[in-house]
Amino acid sequence: MKSNIATILTFFGLALGFSHSAYASGLGGFTGTSSRFTSDPLAAGTGGITLFRNSSTNSYSQNPASLASTNKSSFDAGMVQLSLDRFIYTLNATVPLPPTANLAIGVIAAGTNNIEARDSRGYPAGQLDDTEMTYLVSFSNRFSEKLAFGLALKVLTKRFSSDDDWLDLKGSGFGAGVGISYSPRKGSTFALALKDWNSSYKWKTQDLFERGSSYKDEFPMSISWGWLQEMNAFSFAFEHDHYFIGEEIFRTAVTWNAWEQLYLNTGISYEDETIFPGVSARYEMSWNQGPPMHIDLGIRAGTRGEGLRNYLGWGVNF
């Protein structure tokens, strides 16, 4: 049985590696995919820019200082339709802490379902699932009208499981990030963030293998900076993400808001010598009674052969 488990896990590793390569080619061999993946509809249309509040619903997870740009409570939920039985779901809520602070909490669930396992003879041996859960708490504070600082904390879990419970392998860890937002003048914002400091999964495989061990699977840490410029009905954003493993990602986007209730975004990311375009839209609905709500839609190109990634989100401000 031990040899069968080892063989099945080998096939599973190959399937998981393929899944990761579909997420992002240059960083596909490293763990922590869900923290790097464009996971909300707005960011799908901004090239994945997450340093600013109006470029990503989940900006608090990457640059917690972006929370300082709002004084409203909000709740957002989103999902991404992906090929290869992959999934991403997000939930987050923010609340102001007067006079100058903000707090956000959220969950990002990502993974792959229905991975076919094979035994040592090559016969089907059930279905495997891979699930990553990220639990987030972010805090920001404005030190002045121009300068804000933020801190993000993450509890990380990853689980490999089978449909008949013969496999249940869990890893967990903790991570953190910090961010700064600075507005030198009205309509201009500079952002800087350190992401995934100390983020990792800690594994123990002694219960599965005769020579099992304990080890740590580290996330690639990165530092990002970006600039947002608002000009009447248009906003222009740029972001550069530098990973300390030697990978670089560049993103740029344009937002149009000539109509009060409609926001249109288009942007690209440049990674691994490939351009990934995307578009997104937000429509804000006003009611005579009740809080204002919005619907977000996004489409982003995937890697070669993957097709389009489709995003849907809903939120409310109160």
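**Cavities, a pocket and aromatic contacts**

The largest cavity in this structure has a volume of about 240 Å³. The model is a predicted one, and the empty spaces described here were computed from its atoms. In total, six cavities of 30 Å³ or more are found. A helpful way to picture such spaces is that rolling a probe the size of a water molecule over the atoms shows where empty space is left.

A walk around the largest cavity passes 25 lining residues, and those nearest its centre are Ser-35, Arg-36, Phe-37, Thr-50 and Gln-62. Both helices and strands take part: α2 (33-36), α4 (59-62), β4 (124-142), β7 and β11 each contribute at least two lining residues. The lining of this cavity is made up of twelve polar, eight charged and five nonpolar residues.

Turning to the pockets, the largest pocket has a volume of about 1,200 Å³. Its lining counts 48 residues, with Arg-53, Asn-54, Ser-69, Thr-70 and Glu-230 the closest to the centre. Many strands meet the lining of this pocket with at least two residues each, among them β1 (74-81), β5 (147-162), β10 (222-231) and β13 (262-271). Strand β14 gives the largest share, three residues. By class, the pocket lining holds 23 polar, 14 nonpolar and eleven charged residues.

Aromatic side chains add a last feature to the picture. Nine aromatic pairs are counted in the model, and one aromatic cluster is formed by Phe-160, Tyr-201, Trp-203 and Phe-219.

Definitions and conventions:
Residues are numbered from 1 along each chain as its sequence is written. This is a predicted model: local features need pLDDT of at least 70, side-chain atom pairs count only at pLDDT 80 or more; totals for chains, interfaces and linings use all residues. Side-chain values use heavy atoms; hydrogens and water are left out. On a 1 Å grid over the protein atoms alone, a cavity is a set of points where a 1.4 Å probe fits but cannot get out, and a pocket is an open set with protein on both sides within 12 Å along at least five of seven lines; lining residues have an atom within 4 Å of a point. Grid points are joined across faces, edges and corners, and a volume is the space filled by probe spheres set on the points. Helices (H or I, at least four residues) and strands (E, at least two) are DSSP runs, numbered from the N terminus. Ala, Val, Leu, Ile, Met, Phe, Trp, Tyr, Cys and Pro count as nonpolar, Asp, Glu, Lys and Arg as charged, and the others, Gly among them, as polar. Rings of Phe, Tyr and Trp (its six-membered ring) pair if their centres lie within 6.5 Å; planes under 30 degrees apart count as stacked, over 60 as edge-to-face and the rest as tilted.
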